[in-house]
Amino acid sequence: MKMNKETKLKVKVFRFNPLKDAEPHYEEYEVPYIEGMRVLDVLNYIHDNYDGSLAYRWECRAGQCGSCSIMINGKAGLACQTSVDPETKELIIEPLPIFPVIRDLVVDVEKGYKKLLKIRPYLHRESVSQHPEIIYQYEIEDIKPMRECIECWSCVAMCPVVQNAWDIYGGPIVMTHLAKLSFDKRNAFDHLLTAFLEGLYACTQCANCKEICPKEIDIPEKAVGKMRYLAYNKRNLVRNEHRKIVENVRRFYNPLAEDNNTRADWAKDLDIPVAKRGAKLLYFVGCMASWREQRVARATATLLKLAGENFTVLGPYERDCGSVFVRLGDMELVKEFALYMKNIVKNYDFDAIVTSCAGCFRTFKIDYLEKLGIDLGVPIYHSSELFAQHIDEGKLTLTTKLNISATYHDPCHLGRHVGVFEEPRKIIRTIGLKFKEMLNERYKENSRCCGAGGGVRSGYRDIARDIAAYRVENDVPKGAKVIVQTCPFCYFNFEDAVRTNNYSVTNIDLTELLLVSVMGEDAIKVLGSDRYKEIMSLSRGE
Amino acid sequence: MEKFELIETDVLIIGAGGTGLRAAIEAARYNLDVVVVSKELLGKAHTTMAEGGINAALGNVDPEDNWKWHFLDTVEGGAWLNDQDLVETLVKEAPDRIFDLEEFGAVFDRLPDGKIAQRPFGKARYRRTCYMSDYTGHEVLATLVDETRKLGVNVFEEIFVSKLLTSNGRVIGAIAIDMKNGDFLVFKTKAIVLSTGGAGRMYKVTTNPASATGDGKILALDAGAEVMDMEMFQFHPTTMVWPPSCRGILVTEAVRGEGGILLNAKGERFMKRYNPKLMELAGRDAVARANWTEIMEGRGTEHGGVYLSVTHLDPELVKTRLKTMYKQFLLAGVDITKEPMEVSPGAHYYMGGVRILNVTTETCVKGLFAGGEETAGVHGANRLGGNSLIDTQVFGKRAGEYAAKFAKSETFHPIDFKQVEEEQKRILSIAKEKDDKIRPVKIREQLSEVMWENAGIFRDEEKLNKALTFIERVKKEQLPKLGICDTTTLRYNKELIEALETINLVRTSELLVRSALIRTESRGAHYRTDYPQTDNKNWLKHIVWRLENGVLKYRFEPVKITIQNPP
Ligand SMILES: Cc1cc2nc3c(=O)[nH]c(=O)nc-3n(C[C@H](O)[C@H](O)[C@H](O)COP(=O)(O)OP(=O)(O)OC[C@H]3O[C@@H](n4cnc5c(N)ncnc54)[C@H](O)[C@@H]3O)c2cc1C
Ligand code: SF4
Ligand code: SF4
Ligand code: FES
């Protein structure tokens with residue numbers, strides 16, 4: 001940290017008194033920076049020195065009460081626990097969204113309380129217990145983190161599902177409370193059923209909430225994930241849509257109910273190695289690219305070829321990665337697929353795996369290991385990581401500059417969950433796109449979920465699409481013509497939103513753009529002339 | 001008269017901390033209307049900040065422990081100024097109140113045999129402090145919140161009570177401002193429980209939250225009740241010193257309980273000079289004075305503290321049992337598993353407050369009950385760590401019980417609307433446009449500085465007189481000009497509430513300083529450098545204040561010694 005007494009912070013604060021003002025406005029203040037300053041100090045400074053009418057909440061200033069949560073540069077958080085970066089150009093402070101404003105930064109959380117009270121958020125004892133009660137430490141390990149919740153409502157402010165469908169999904173804080181009660185052996189009430197009814201399967205597991213929770217509660221995994229596991233395996237509490245998917249995978253080895261023998265049909269005209277022995281790199285295509293977004297598979301495979309990789313796809317031998325089942329909590333099924341994959345890697349003696357889909361990527365990289373203890377034993381790459389490396393090493397040379405105004409959507413499974421942020425951006429810049437980050441600071445760690453994850457796309461298609469639509473409407477910068485995608489799953493969902501709502505923005509996978517940039521007109525063979533023309537005309541600014 | 005909303009309830013509980021919510025849960029058993037009001041949102045009261053633990057002689061770790069030892073530790077720790085009838089009730093009922101909490105759903109850390117774990121705490125002969133990691137207060141308060149939700153107790157949030165209404169020596173209601181919209185509320189009640197907590201905000205360096213402004217003590221005084229032991233303010237030995245923004249944030253006693261050691265800038269474990277027997281786990285008063293002396297005599301650290309180190313402990317233990325501390329310092333750039341913390345004393349706990357007549361928590365005003373940090377007598381001249389949370393439970397329950405019983409046997413009394421009107425005038429006069437207004441923040445800044453310098457850890461007549469002169473000047477010259485920036489609307493007018501709190505702080509400070517001047521001895525947290533001796537012959541008595549026709553009057557009241565005579 002730098003000691004600089006002279007530094008002045010530029011602070012923009014949301015001001016609104018609904019009794020007096022027709023609409024909110026922002027006021028600007030200059031606040032001297034002092035070392036170790038927190039956002040709460042900034043607010044106190046403004047209140048003490050400029051304007052005593054500024055309304056905001058605080059109590060403990062130690063991150064223990066949850067009074068002071070607000071939006072700080074687009075991210076919900078506790079004012080007292082958020083350090084101010086003296087280098088920040090501008091600090092923008094706003095009230096939590098979702099809730100009506102009482103005044104300035106103070107919101108009315110009544111709506112939230114209603115959701116909370118509805119689930120009967122308290123322990124129901126069957127009978128008065130004997131004391132001292134014998135409870136072992138291991139029996140409380142799962143509930144301890146859930147009990148840490150300080151009801152700051154930050155998670156609710158960040159949750160994409162709450163934003164679009166709070167009537168269907170209780171929200172992260174509700175899941176935290178339900179988890180604390182579901183995991184409590186003393187509890188006699190069926191809070192797991194309540195969770196199911198409160199939209200247990202409507203969480204996209206994007207971790208937008210976990211990212212900002214001041215108590216670092218792992219809501220998507222340790223609350224939602226664990227409850228799903230119990231609901232699915234112990235109680236058979238499953239939505240019909242998901243039941244169908246499970247059946248599909250059992251029968252077809254893919255959730256789309258496609259004939260698995262047609263997995264590599266997209267490659268027929270391209271001379272792509274299928275199930276080739278001796279290949280060192282496995283390109284795991286995934287269901288969406290195999291059947292729904294085949295251009296992604298075609299572009300990726302072609303690029304791998306151009307880069308000189310000794311690779312293969314598995315074709316009919318590729319089976320589901322198990323991602324959807326990890327999200328649903330069907331660990332038995334995941335295990336089957338994980339063991340199958342492990343076998344494949346061993347049999348073919350692959351050195352590495354590359355995926356198109358962020359979901360497959362995360363499943364191989366994190367879930368097999370953390371949830372099942374199964375290590376595939378080889379490095380797992382997302383295609384963007386590999387291609388960034390190829391460009392660096394001169395294995396891919398770019399011939400055509402693409403002059404398109406674009407933004408980029410960080411898939412949750414690729415970005416926030418694994419930390420791949422830079423490689424896609426590097427490629428975007430290298431191929432010449434005029435790049436702007438998503439608005440409202442919703443990029444990188446703070447990227448907003450597309451809405452498709454966690455089984456939501458299959459379970460609640462409308463919610464998934466609406467969440468993507470919200471992102472297009474609110475986060476895509478003015479003038480951006482293209483949303484660059486790096487996950488066929490996000491792609492598919494965004495595309496649904498764009499088509500349904502007739503948005504003028506175009507979704508294009510990063511590999512498609514890279515392919516055009518490398519091959520120029522020859523890319524027509526791979527992408528088709530319509531797509532090629534579309535990309536080129538976007539590049540000409542048409 | 002300004003508009004107001006009239007709310008009738010059998011029992012009104014002012015404060016939603018551990019005390020208030022426990023009282024509400026109890027009162028709700030009596031099939032009465034119960035309303036709880038608080039200045040902040042539910043679950044965010046001061047109690048949630050308590051870290052280290054809650055005491056009860058369960059004997060889970062040390063089977064020798066029992067209520068008698070807990071009693072002795074408490075009165076010894078309190079330097080024999082505790083009223084022993086209150087202490088006896090505290091320690092005898094403590095285990096049942098812990099079990100209540102468990103019954104409501106609380107989760108305490110466990111021993112291998114499945115019983116509640118207990119850690120050592122300052123000046124306790126046995127390991128007696130139950131805990132949930134180092135956020136015990138949160139666990140306690142969140143549990144009580146759950147239970148009030150379960151029982152459907154009405155909690156009105158962001159309500160500031162500014163005056164109690166009385167008639168013929170009993171309370172019959174209260175006046176409040178609903179901060180959310182700026183409306184006046186008038187409560188018509190049969191009984192009131194006061195549980196508004198402490199007043200740490202008198203001091204510049206304090207562990208206390210924004211709402212600890214001594215409101216209840218002043219409300220009680222104005223309603224005709226008595227306050228006592230107002231000179232007794234505990235300074236916690238270890239609070240953060242750096243960065244400036246964190247000044248005063250508590251470093252829990254559990255750090256020393258788990259084995260943390262204190263070092264001065266020279267690396268000397270200085271407690272061996274002050275208390276070689278108990279070392280770091282001596283009483284808070286003693287450790288605070290030791291730390292302050294080291295700092296004042298030039299053996300302090302870069303930022304004016306002493307070192308508190310846990311680097312010799314297992315990092316995993318530090319990260320789990322002292323999780324809050326680990327994170328709190330990490331955010332400030334210090335990894336406490338590798339580097340020592342810098343700490344110094346800060347104002348922490350008010351032993352003084354409303355005088356309750358006996359273990360029913362009744363006060364000398366009929367219908368007015370009080371419990372928790374609001375009251376005096378339980379902790380004497382110095383509170384033991386972990387004894388306050390249990391105080392909130394034992395006396396919170398009792399306050400709720402006796403207030404309910406009282407309400408059962410009573411009827412509502414008609415409100416004297418002149419009192420309402422007068423109070424509204426007082427409040428609105430602050431919210432008037434004034435050219436020469438003095439903002440509350442200005443008064444508070446000076447007051448907290450003066451109090452810290454002159455009525456802090458070390459006191460003497462000269463310093464205390466300085467403080468008193470200052471306070472009298474503020475009362476005469478500044479409070480009449482007290483004003484706020486926004487006089488156009490009372491909707492969430494934070495500064496108006498701050499102004500009212502400031503008046504309470506000034507008045508509480510006055511009581512503290514006057515009492516400290518009267519007590520010409522040193523006892524517990526009250527240390528007079530000009531009278532360093534403890535004088536049991538003359539001073540085993542409380543200084544008790546009341547208002548007579550608007551004038552502060554004091555008298556002495558002997559300490560209630562029912563079980564054990566001081567040595
Ligand atoms: C950082 C810290 C750590 C601590 N750790 C421990 C520990 O480990 N063990 C232990 O035993 N003790 C500990 N304590 C002390 C203990 O937490 C408090 O003494 C105790 O919680 C007080 O509880 P209470 O219910 O009496 O009051 P509080 O919790 O202070 O509640 C007061 C309530 O009154 C309300 N109120 C106040 N004024 C008004 C008004 N005018 N109108 C309406 N409502 C009002 C407030 O809004 C609040 O709801 C700690 C204290 C601090 C500051
Ligand atoms: S993981 Fe995403 S969808 Fe699920 S609760 Fe958190 S923010 Fe909401
Ligand atoms: S889960 Fe975390 S973010 Fe959500 S309310 Fe609780 S503490 Fe805040
Ligand atoms: S003020 Fe309590 S969490 Fe920030």
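In this predicted model, ligand 3 is surrounded by residues of chain A: A:C149, A:I150, A:E151, A:C152, A:W153, A:C155, A:I173, A:T176, A:C213, A:P214, A:I217 and A:I219. Sorted by side-chain class, the shell around ligand 3 holds ten nonpolar residues, one polar and one charged.

Ligand 2 has 13 residues around it, and the closest are A:C159, A:C203, A:C206, A:A207 and A:C209. Two or more residues of this shell come from each of the helices α6 (160–165) and α9 (208–212) of chain A. The shell around ligand 2 divides into ten nonpolar and three polar residues, with no charged ones.

On a wider scale, chain A is split into four parts: domain 1 spans 8–107, domain 2 spans 110–234, domain 3 spans 253–386 and domain 4 spans 397–539. Between the C-alpha centres of domain 1 and domain 3 of chain A the distance is 47 Å.

The cysteines raise a separate matter, that of disulfides. A disulfide is a covalent bond joining the sulfur atoms of two cysteines. With a cut-off of 2.5 Å between the sulfur atoms, the count over all chains is zero. B:C246 serves as an example: the cysteine sulfur closest to its own belongs to A:C80 and lies 9.2 Å away, so the two are too far apart for a bond. B:C246 is buried, at a relative accessible area of 2%. B:C364, by contrast, is partly exposed, and its relative accessible area is 38%.

How values were computed:
Residues numbered from 1 in each chain as written. Chains lettered and ligands numbered in written order. Predicted model: local features only at pLDDT ≥ 70, side-chain atom pairs only at ≥ 80, totals over all residues. Heavy atoms only, no water. Buried < 20%, exposed > 50% of the residue type's maximum accessible area, 1.4 Å probe, protein only. Near = heavy atom within 4 Å. Nonpolar A, V, L, I, M, F, W, Y, C, P; charged D, E, K, R; others polar. Helix = DSSP H or I, 4+ residues; strand = E, 2+ residues; numbered from the N terminus. Domains from an automatic or database assignment.
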